[in-house]
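Welcome! Below is a short set of exercises, each with a worked solution. Take your time, and try each task before reading on.

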Amino acid sequence: MINVQTWVVLSDGRYIKILINKGEGKALTILNADDMPAYAEPCYLMVNGKPLDGVGDLAISSKINNVQCQANFLIEHHKSGMFDYLAIAAPADVLTRLKNILPVELLKLVVGEIAEDLSVETNSEIENRFSGIIQATLDITV
């Protein structure tokens with residue numbers, strides 16, 4: 001078994017879904033927010049990031065930048081050594097925005113990208129679409 005983790009990041013611009021390959025073939029396992037409290041926070045913000053309305057001086061109007069939130073999450077977890085490589089699938093405009101935000105050291109870890117929204121696809125379909133990319137990461141580490 002190869003000791004390498006590749007995160008497959010699926011984003012539609014609002015939501016993020018992360019699947020993990022742990023160097024065992026091409027299988028991908030969904031990262032469960034319940035297993036990782038730091039993942040639950042950005043997920044909550046992205047789902048509930050609507051402007052808050054108040055009255056008078058107490059009015060709060062904020063809008064969560066979900067792509068920035070997703071980038072921050074990836075940056076933080078890269079610093080803590082949670083993954084070795086990234087593969088990203090997102091609509092072209094979201095993919096561009098995400099790549100413009102990510103620091104160079106993370107961009108160097110991107111081994112593949114698909115400019116489509118795959119966030120609603122089945123795990124099996126995602127594995128099929130990323131199989132060549134995952135295989136390439138396994139080949140790099142051998």
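The exercises below start with the whole chain and then turn to single elements and residues. Please keep in mind throughout that this is a predicted model.

**Exercise 1. The chain as a whole**

Task: Find how many helices and strands the chain has, and give the order of its elements from the N terminus on.

Solution:
- Step 1. Begin with the count: the secondary structure comes to 5 helices and 5 strands.
- Step 2. Now read along the chain. From the N terminus on, the elements run β-β-β-α-α-β-α-α-β-α.
- Step 3. Turn to burial. Of the 142 residues in the chain, 39% are buried.
- Step 4. Finish with the contacts. Among those with a separation of 6 or more, 62% are between residues 24 or more positions apart.

**Exercise 2. Two helices that pack**

Task: Work out how α2 and α3 are oriented to each other, and which residues meet where they pack.

Solution:
- Step 1. Locate the two helices: α2 spans residues 66-79 and α3 spans residues 92-101.
- Step 2. Look at the geometry. The angle between α2 and α3 is about 50 degrees, and their axes are 9 Å apart.
- Step 3. Put a word to that angle. Angles under 35 degrees count as roughly parallel, and 65 to 115 as roughly perpendicular. The helices α2 and α3 are therefore oblique to each other.
- Step 4. Add the handedness: α2 passes α3 in a right-handed crossing.
- Step 5. List the partners. From α2 come V67, Q68 and A71, and from α3 come V94, R97, L98 and I101.
- Step 6. Sort these residues by type. The contact of α2 with α3 has 5 nonpolar residues, 1 polar and 1 charged.

**Exercise 3. Salt bridges**

Task: Find how many salt bridges the whole structure holds, then describe each pair.

Solution:
- Step 1. A search of the whole structure finds 2 salt bridges.
- Step 2. Take E113 and K99. These two form a salt bridge, with their closest N and O atoms 3.0 Å apart.
- Step 3. Place this pair on the chain. E113 sits in strand β5 (residues 110-114) and K99 in helix α3, 14 residues apart, and the pair links distant parts of the chain.
- Step 4. Check how open the two residues are. E113 has 37% relative accessibility, so E113 counts as partly exposed. K99 has 30%, so K99 counts as partly exposed too.
- Step 5. Move on to E116 and R129, a salt bridge whose closest N and O atoms are 2.7 Å apart.
- Step 6. Place this pair as well. E116 lies in the loop between β5 and α5 (123-141), while R129 lies in helix α5, so the pair ties together parts that are 13 residues apart in sequence.
- Step 7. Judge the exposure. At 36% relative accessibility, E116 is partly exposed, and R129 is partly exposed at 31%.
- Step 8. See what else surrounds R129. Leaving aside residues up to four places away in sequence, R129 touches I114, E116 and L118. R129 and A89 are 40 residues apart in sequence, with their C-alpha atoms 9.8 Å apart in space.

**Exercise 4. Neighbours in strand β5**

Task: Decide whether G112 and V111 are each buried or partly exposed, and see what lies around them.

Solution:
- Step 1. Place the residues: G112 lies in strand β5, and V111 is found in strand β5.
- Step 2. Apply the cut-off. Buried means under 20% relative accessible area.
- Step 3. G112 has a relative accessible area of 12%, so G112 is buried. V111 has 28%, so V111 counts as partly exposed.
- Step 4. Look for the contacts of G112. Not counting residues up to four places away in sequence, G112 touches L86, A87, I88 and I133.
- Step 5. Compare sequence and space. V111 and I133 are 22 residues apart in sequence and 6.7 Å apart in space, C-alpha to C-alpha. G112 and I134 are 22 residues apart along the chain, and 8.6 Å separates their C-alpha atoms.

**Exercise 5. A residue in strand β3**

Task: Describe where T29 is and what T29 touches.

Solution:
- Step 1. T29 is found in strand β3 (residues 29-30).
- Step 2. With 47% relative accessibility, T29 counts as partly exposed.
- Step 3. Outside the residues up to four places away in sequence, T29 touches I18, L19 and I20.
- Step 4. Pick out I18 from this group: T29 and I18 are 11 residues apart in sequence, and 8.4 Å apart in space from C-alpha to C-alpha.

Terms used
Residues are numbered from 1 along each chain as its sequence is written. This is a predicted model: local features need pLDDT of at least 70, side-chain atom pairs count only at pLDDT 80 or more; totals for chains, interfaces and linings use all residues. Side-chain values use heavy atoms; hydrogens and water are left out. Axes are lines fitted to C-alpha atoms, for helices over the stretch in contact, and angles run from 0 to 180 degrees between N-to-C directions. Helices (H or I, at least four residues) and strands (E, at least two) are DSSP runs, numbered from the N terminus. Angles under 35 degrees count as roughly parallel, over 145 as roughly antiparallel, 65 to 115 as roughly perpendicular and the rest as oblique. A crossing is left-handed if the near helix is turned anticlockwise from the far one by less than a right angle, and right-handed if clockwise. Contact means heavy atoms within 4.5 Å. Ala, Val, Leu, Ile, Met, Phe, Trp, Tyr, Cys and Pro count as nonpolar, Asp, Glu, Lys and Arg as charged, and the others, Gly among them, as polar. A salt bridge is a side-chain nitrogen of Lys or Arg within 4 Å of a carboxyl oxygen of Asp or Glu. Buried means under 20% relative accessible area, exposed over 50%, partly exposed in between (1.4 Å probe, protein chains only).
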